[in-house]
Amino acid sequence: MTFSSLVLTLEDSAEQRASVLARLEQDARITLGMPFEERWLPVVVETATPEEGESVAEDLRDLPGVRFLDVVMVDFSGGEC
């Protein structure tokens, strides 16, 4: 398993932010954090492989309503605790 901690910077439009949130809530690989000042949204992406994680990050970056994507941390260890 690969875990990616990301912060999405959302567009100013409330409509676009709502659209992004609705889209992200449909993806079981994505866990949403608490938005900060409505513009910054922390997320954790859990994928089977690093390649899948990279693909999800690229999709998020290109999602209408997402201005920037910052990678905070990626855990490739795949081990269980």
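Trainee: What makes E1 and E4 a pair of strands, and in which sense do they run?

Mentor: In this predicted model, eight bridges join E1 to E4, and the two strands run antiparallel. Two strands count as paired once at least two bridges are found between them, so the eight bridges between E1 and E4 satisfy the criterion. As one example, Ser 5 stands opposite Met 73 in E4.

Trainee: How do you know that E1 also pairs with E3?

Mentor: The argument is the same in form. Eight bridges join E1 to E3, and these strands run antiparallel. Since at least two bridges are required, E1 and E3 count as paired. In E3, the bridge partner of Phe 3 is Glu 46, and Val 7 stands opposite Pro 42.

Trainee: Do E2 and E3 count as paired or unpaired, and over how many bridges?

Mentor: E2 and E3 are joined by three bridges in the antiparallel sense. With at least two needed, three bridges are enough, and therefore E2 and E3 are paired. Within this pairing, Thr 31 stands opposite Val 44 in E3, and Leu 32 has Val 43 as its bridge partner.

Trainee: In what order do the four strands form the sheet, and why are E2 and E4 said to stand at the edges?

Mentor: The four strands form an open sheet in the order E2-E3-E1-E4, with antiparallel pairing. Strand E2 (30-32) and E4 each have a single partner strand, so one side of each lacks a neighbour in the sheet. That is why they are described as edge strands. From one strand to the next, the twist averages 25 degrees. Helix H1 packs on this sheet and touches E1, E2, E3 and E4, its direction making about 130 degrees with that of E2.

Trainee: Why is Leu 10 called buried?

Mentor: Leu 10, which lies in strand E1, has a relative accessibility of 3%. A residue is buried when this value is under 20%, so Leu 10 qualifies. Leaving aside neighbours within four places in sequence, Leu 10 is in contact with residues including Arg 17, Val 20, Leu 41 and Val 66.

Trainee: Is Ser 4 buried or exposed, and how do you know?

Mentor: Ser 4, also placed in strand E1, has a relative accessible area of 8%. This value is under 20%, and Ser 4 is therefore buried. Apart from neighbours within four places in sequence, its contacts are Val 43, Val 44, Val 45, Met 73 and Val 74. For the strand as a whole, seven of the nine residues of E1 are buried, and E1 is described as mostly covered.

Trainee: Why are Glu 37 and Glu 38 called exposed?

Mentor: The relative accessibility of Glu 37 is 56%, and that of Glu 38 is 52%. Exposed means over 50%, so Glu 37 and Glu 38 both count as exposed. Glu 37 is found in the loop between E2 and E3, and Glu 38 has its place in that loop too. Phi is near 50 degrees for Glu 37, a positive value in a residue other than glycine. For Glu 38, phi is near 65 degrees, likewise positive in a residue other than glycine.

Trainee: Which residues of E3 form its covered face, and which its uncovered one?

Mentor: The covered face of E3 consists of Leu 41, Val 43, Val 45 and Thr 47, whereas the uncovered face consists of Trp 40, Pro 42, Val 44 and Glu 46.

Trainee: Which members of the largest nonpolar core touch the most other members?

Mentor: The core has 15 residues, and Leu 8, Leu 24, Ile 30, Val 43, Val 45 and Leu 60 touch the most other members. Strand E1 (2-10), helix H1 (14-25), strand E3 (40-47), helix H2 (50-62) and strand E4 (66-75) each supply at least two of the core residues. Leu 8 touches, among others beyond four places in sequence, Leu 24, Val 43, Leu 60 and Phe 68. In soluble globular proteins, nonpolar side chains tend to be buried together.

Trainee: Which element gives the most to the lining of the largest pocket?

Mentor: H2 gives the most, with six residues. The lining has 13 residues, of which Gly 53, Glu 54, Ala 57, Val 71 and Val 74 lie nearest the centre of the pocket. E1, H2 and E4 each supply at least two lining residues. The volume of this pocket is about 170 Å³.

Definitions and conventions:
Residues numbered from 1 in each chain as written. Predicted model: local features only at pLDDT ≥ 70, side-chain atom pairs only at ≥ 80, totals over all residues. Heavy atoms only, no water. Core = buried A, V, L, I, M, F, W, Y, C linked by side-chain atoms within 4.5 Å. Buried < 20%, exposed > 50% of the residue type's maximum accessible area, 1.4 Å probe, protein only. Contact = heavy atoms within 4.5 Å. Axes fitted to C-alpha atoms, helices over the stretch in contact; angles between N-to-C directions. 1 Å grid on protein atoms, 1.4 Å probe; cavity = no way out; pocket = protein on both sides within 12 Å on 5 of 7 lines; lining within 4 Å. Points joined across faces, edges and corners; volume = space filled by probe spheres on them.
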